[in-house]
Amino acid sequence: MKHLLEVADLGADGIDQVLRLTDSFVEVSGRTIPKVPALRGKTVVSLFYEDSTRTRLSFETAAKRLSADTMSFSVSSSSVSKGEGLRDTVETIDAMGVDAIVVRHKSSGVPWRIASWVRASVVNAGDGWHEHPTQALLDCYTIRSRRGSLDGLRIAIVGDIAHSRVARSDVTAFAALGASVTLVAPPTLLPPSLEGWPVQVCHRLDEVLGGLDVVYLLRLQRERMTEALIPSLREYRTLYGLTAERAGRLRPDALIMHPGPMNRGVEIDAEAAGDARSVITAQVANGVAVRMAVLYLLLGSGADLVAPLPELAAQA
Ligand code: CP
């Protein structure tokens, strides 16, 4: 595998292989010195044209734990502020001999363009409303680590589906692993067409809440909205927020998930985020190991897939 641009690059077998490889990197991350020399001599650059906390830091941590060199690109302090375009920027970075470019951009499709211009491997760290494949992988890993498998689980993704790259990647990955996915949102927060999406749709969270294995809350992406799509935040919370009262109606073994950043008091109350069934912090922690697995598959001796796990253990 040369690039990871979308979940479909992996398919169900590829997702499974990433998740199995992630197990070994969770073990590495738990060591006193959480580092292996798997990518020594490789260079990974973060090229983020959009803000990020979790994805950027976890990719950089993942690269360091694999002993890769890292470079970080900041739009505000780069020659982009002097008018340098995307292609010149990435060709400049590629000319320095980097091995992987981890890119986030507000426009859908940019990682594909970059992949066509450079020699390096490209990882999509979020493109517009389109895809966020490593978020989907860490979400699958988190669910699998708690429930053993996604097969047959009932998962509701709740909120601003229309503007969510996480929803698009998660739907593909969850369905590939056998989960039954329901999108819960008002019609204004759903994409204009759901043709081809392997999902059910429900406009009332209370209708599905009690039967869920996983409730996955999404932030209202107001930075991507060009018009008012909900009457008010208060009404949105009343109909779609995971309040403490609604959390009380979830099954005892249900999982509460959120990709972050959270808007507490809107799509999720602080009590629900801190509930014993919340795995939101585990999602972040698993993000590092999942991204180690992805970088290892792209740049390391795992490039042909199938993890050489004993080899990794021997590198300790
Ligand atoms: N989940 C996610 O992509 O978070 P960041 O925007 O902080 O990277």
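I take a cavity to be a set of points, on a 1 Å grid over the protein atoms alone, where a 1.4 Å probe fits but cannot get out, and its lining residues to have an atom within 4 Å of a point. By that rule I found V44, V45, S46, F59, E60, A63, T70 and V102 lining the largest cavity, whose volume is about 30 Å³, taken as the space filled by probe spheres set on the points, with grid points joined across faces, edges and corners.

I note that this is a predicted model, in which local features need pLDDT of at least 70 and side-chain atom pairs count only at pLDDT 80 or more, while totals for chains, interfaces and linings use all residues. Residues are numbered from 1 along each chain as its sequence is written, and side-chain values use heavy atoms, with hydrogens and water left out.

Next I looked up the ligand, and listed the residues around it (a heavy atom within 4 Å) as S52, T53, R54, T55, R104, H132, Q135, P259 and G260. I see that this shell draws at least three residues from each of domain 1 (7–131 + 287–301) and domain 2 (133–282), the bounds coming from an automatic or database domain assignment.

I then checked polar contacts, meaning pairs of N or O atoms within 3.5 Å. A backbone N or O atom of R54 lies 3.0 Å from a ligand oxygen, a polar side-chain atom of T55 lies 2.6 Å from a ligand oxygen, and a side-chain N or O atom of R104 is 2.9 Å from an oxygen of the ligand. Of the 250 Å² that the ligand exposes when taken alone, I record that the protein buries 91% (Shrake-Rupley method, 1.4 Å probe).

Terms used. Polar contact = N/O pair within 3.5 Å; in protein donor to acceptor, adjacent residues only side chain to side chain. 1 Å grid on protein atoms, 1.4 Å probe; cavity = no way out; pocket = protein on both sides within 12 Å on 5 of 7 lines; lining within 4 Å.
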